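This report describes the fold, the nonpolar cores, the salt bridges and one helix pair of a single chain. The sequence and structure are shown first.

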Amino acid sequence: MQTTKIPATIVTGFLGSGKTTLMRHILEQAKGLRVAVIVNEFGELGIDGEILKTCAIGCAEEGGADGQIYELANGCMCCTVQEEFFPVMKALAERRADIDVLLIETSGLALPKPLVQAFQWPDIANVFTVDSVVTVVDTPAAAAGQFAHDPHAVDEQRQADPNLDHDASLHELFEDQLSAADLVVLSKADLVTPEQLAQVRALVAEEVPASVKMIEAVQGQVPLNVLLGQHRAAEVSINDKHSHHDHDEDHDHDAFDSLHIDLGAVDRDRLMQTLQGIVEQHAVLRVKGFAALPGKKMRLLVQGVGRRFDAYFDRAWADGETAATRLVFIGKQLDAAVLQQALKTAEV
């Protein structure tokens, strides 16, 4: 009978900071470990879950006999701890003999503290412990004095609603994610100068105790022994860590909209040009999804933060799978009909 608690690593960070890239890297290194994964996709389509299902350790579809990926798609995980997170943790507890490590990726809007506090609940505490909270910081964005990659999109959000100070809200979220951290990963370190990197290190150092280690990363490349096996039992000390939302009964993410657009096959160049136009004209923080290209057997993965987009083929379309284009947009006051009409020009 297994008596040792299962270690859980919580990966948090702002939109587009590189959480999924880090999670993918962990899974690629974790051969031999039986890893259960919970992803919290802030959107109607589980794009992050789909990305993680391409991991190299043979992760199965949820619901299968060996399924190990659980997706909480009904909004921010820290807002739905009781309704969404707790039932999944109970299901995993029943399979404790099959699990070595639990990885949890929060949405970019989640506050880590309520999630860590959930590990104090008896039904969870008897089986799991928080090995560490890993906060991923977008180094270029932080070096630019922002917390999202594109400050213009954030400013558009703030101006769109005079009752909400989105810039301050993001600042508080950034601080809250750091306040819970046991390890800080400075992502995209190759995209800044040594001077900028030092600046970001100093910025983060103001928000975390000296005992919290910072490590630089490129494409999520962090040694597995740095990320796992920290034995912090973070749930024991989390109540002592300050959060801007300590006295809030609930925190509000209503400033952010999320919608998805379905298309057929698209022209790659027209799609990327259209997406660039959309983020310039609308308050879009994040774009992610997949595209089908005519004559291509591979699926094109598309991810965008602000005005920066990446696109690459991630895998072949599976037998029986319909090759289609699916995109999720996260932002403020988004109009699905307007975006759909704009994207129709990319279809072939």
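Which residues does Leu92 touch, not counting residues up to four places away in sequence? Leu92 touches Ala36, Ile38, Tyr70, Ile99, Leu102 and Phe128, where contact means heavy atoms within 4.5 Å.

The model is predicted, so that local features need pLDDT of at least 70 and side-chain atom pairs count only at pLDDT 80 or more, while totals for chains, interfaces and linings use all residues. Residues are numbered from 1 along each chain as its sequence is written, and side-chain values use heavy atoms, with hydrogens and water left out.

**Overall architecture**

The chain contains 13 helices and 12 strands; helices (H or I, at least four residues) and strands (E, at least two) are DSSP runs, numbered from the N terminus. Of its 348 residues, 54% are buried, a term for a relative accessible area under 20%, with exposed over 50% and partly exposed in between (1.4 Å probe, protein chains only). Among contacts with a separation of 6 or more, 80% join residues 24 or more positions apart. The chain exposes about 15,000 Å², of which carbon and sulfur atoms supply 48%; these areas come from the Shrake-Rupley method with a 1.4 Å probe.

**Nonpolar cores**

In soluble globular proteins, nonpolar side chains tend to be buried together. A nonpolar core is here a set of buried Ala, Val, Leu, Ile, Met, Phe, Trp, Tyr and Cys residues joined through side-chain atoms within 4.5 Å. The largest such core has 27 residues, and those with the most contacts inside it are Ile38, Phe85, Met89, Leu92, Leu102, Phe119 and Phe128. At least two residues of this core come from each of β1 (6–13), β2 (35–39), α3 (81–94), β4 (101–105), α4 (112–118) and β5 (128–138). Helix α3 gives the largest share, six residues. Another core, of 24 residues, lies apart from it and includes Val11, Val37, Leu227 and Leu228.

**Salt bridges**

Nine salt bridges occur in the structure, each defined by a side-chain nitrogen of Lys or Arg within 4 Å of a carboxyl oxygen of Asp or Glu. Three of the pairs are tabulated below.

| Pair | N to O distance |
|---|---|
| Lys188 and Asp138 | 2.8 Å |
| Arg201 and Glu216 | 3.2 Å |
| Lys344 and Glu347 | 3.2 Å |

The pair of Lys188 and Asp138 links distant parts of the chain, 50 residues apart: Lys188 is in the loop between β6 (183–187) and α9 (194–205), and Asp138 is in strand β5. Lys188 counts as buried at 14% relative accessibility, and Asp138 is buried at 6%.

Arg201 lies in helix α9 and Glu216 in strand β7 (residues 213–216), so their bridge ties together parts that are 15 residues apart in sequence. Arg201 is partly exposed, with a relative accessible area of 28%, as is Glu216, with 37%.

Lys344 is partly exposed at 41%, and Glu347 is partly exposed at 22%. In addition, Asp182, Arg232 and Lys241 are linked in a network of salt bridges.

**Helix packing**

Helix α12 (residues 268–281) packs with helix α13 (residues 336–344) at an angle of about 150 degrees, their axes being 9 Å apart. Axes are lines fitted to C-alpha atoms, for helices over the stretch in contact, and angles run from 0 to 180 degrees between N-to-C directions. At this interface, Leu271, Thr274, Leu275 and Ile278 in α12 meet Leu339, Ala342 and Leu343 in α13.
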